[in-house]
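Here is a friendly walk through one model, with a short question to begin and a look at the sheet and the surface after that. Please keep the structure open beside the text.

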Amino acid sequence: MIKLRNYILPYLLPILLAIAFIFGEAQTELALPDYMSDIVTNGIQVGGFKDSVADVLSPQTYRQVMTYSTKSHRQTIKASYRYVKAADVSSDLKKTFPKGKNLYVLKKNVDRDKLNTAMLRGMTKSRLAKWRLLIRKRTWPTSSSR
């Protein structure tokens with residue numbers, strides 16, 4: 001066994017990298033059906049998403065979008081959403097978002113095109129940041145955690 005170790009030692013890093021890449025490939029292949037399911041559910045059956053403007057945002061999502069938006073976009077987003085405390089949330093919103101306690105609700109008569117432009121960068125960057133965090137923690141989302 002000691003003699004084998006001497007032969008394997010120079011190739012230890014490539015062996016470990018190969019194992020890590022195989023693990024990564026397995027994780028991505030296992031996640032693919034879940035993504036396809038989301039695409040079919042949200043994109044085909046429901047009719048897709050018109051734009052990046054959400055009618056309701058959780059406080060965490062709102063903070064993330066605000067963090068990654070520019071100053072002018074932050075003003076647009078802030079003017080377009082109102083903060084609703086848990087006690088004031090309507091029963092319709094409670095049924096649609098049972099986990100949502102305090103929410104940011106889209107105001108009426110908002111310029112959706114302008115808000116869509118403002119939200120796009122923040123939503124994209126916050127989603128990328130979430131994936132980076134998941135990769136660092138080595139945890140992978142399931143369909144219930146998205």
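Does Leu4 count as buried, partly exposed or exposed, and at what relative accessibility? This is a predicted model, and in it Leu4 has a relative accessibility of 48%. Partly exposed covers values from 20% to 50%, so Leu4 counts as partly exposed. You will find Leu4 in helix 1.

**The nonpolar patch**

Leu4 also belongs to a nonpolar patch on the surface, together with Met1, Tyr7, Ile8, Leu9, Tyr11, Leu12, Ile15, Leu16 and Ile19. The accessible area of these residues together is about 1,100 Å². Helix 1 and helix 2 each supply at least two residues of the patch. The largest share, four residues, comes from helix 2.

**The sheet**

Further along the chain, three strands form an open sheet in the order 1-3-2, and their pairing is antiparallel. Strand 1 and strand 2 stand at the edges, each with a single partner strand, so one side of each has no neighbour in the sheet. Strand 2 and strand 3 run antiparallel and are joined by four bridges. Across this pairing, Tyr83 stands opposite Tyr104 of strand 3.

Helix 4 lies across strand 2 and strand 3, and runs at about 55 degrees to strand 2.

To help you locate these elements, here are their residue ranges:

| Element | Residues |
|---|---|
| Helix 1 | residues 2–8 |
| Helix 2 | residues 12–45 |
| Helix 4 | residues 71–80 |
| Strand 1 | residues 56–57 |
| Strand 2 | residues 81–84 |
| Strand 3 | residues 103–106 |

Definitions and conventions:
Residues are numbered from 1 along each chain as its sequence is written. This is a predicted model: local features need pLDDT of at least 70, side-chain atom pairs count only at pLDDT 80 or more; totals for chains, interfaces and linings use all residues. Side-chain values use heavy atoms; hydrogens and water are left out. Two strands pair if DSSP finds at least two bridges between them. Contact means heavy atoms within 4.5 Å. Axes are lines fitted to C-alpha atoms, for helices over the stretch in contact, and angles run from 0 to 180 degrees between N-to-C directions. Patches are made of residues with over 30% relative accessible area and no salt bridge: like charges are joined within 9 Å, nonpolar side chains (Val, Leu, Ile, Met, Phe, Trp, Tyr) within 5 Å. Accessible areas come from the Shrake-Rupley method with a 1.4 Å probe; for residues, only the protein chains shown count as cover. A salt bridge is a side-chain nitrogen of Lys or Arg within 4 Å of a carboxyl oxygen of Asp or Glu. Buried means under 20% relative accessible area, exposed over 50%, partly exposed in between (1.4 Å probe, protein chains only).
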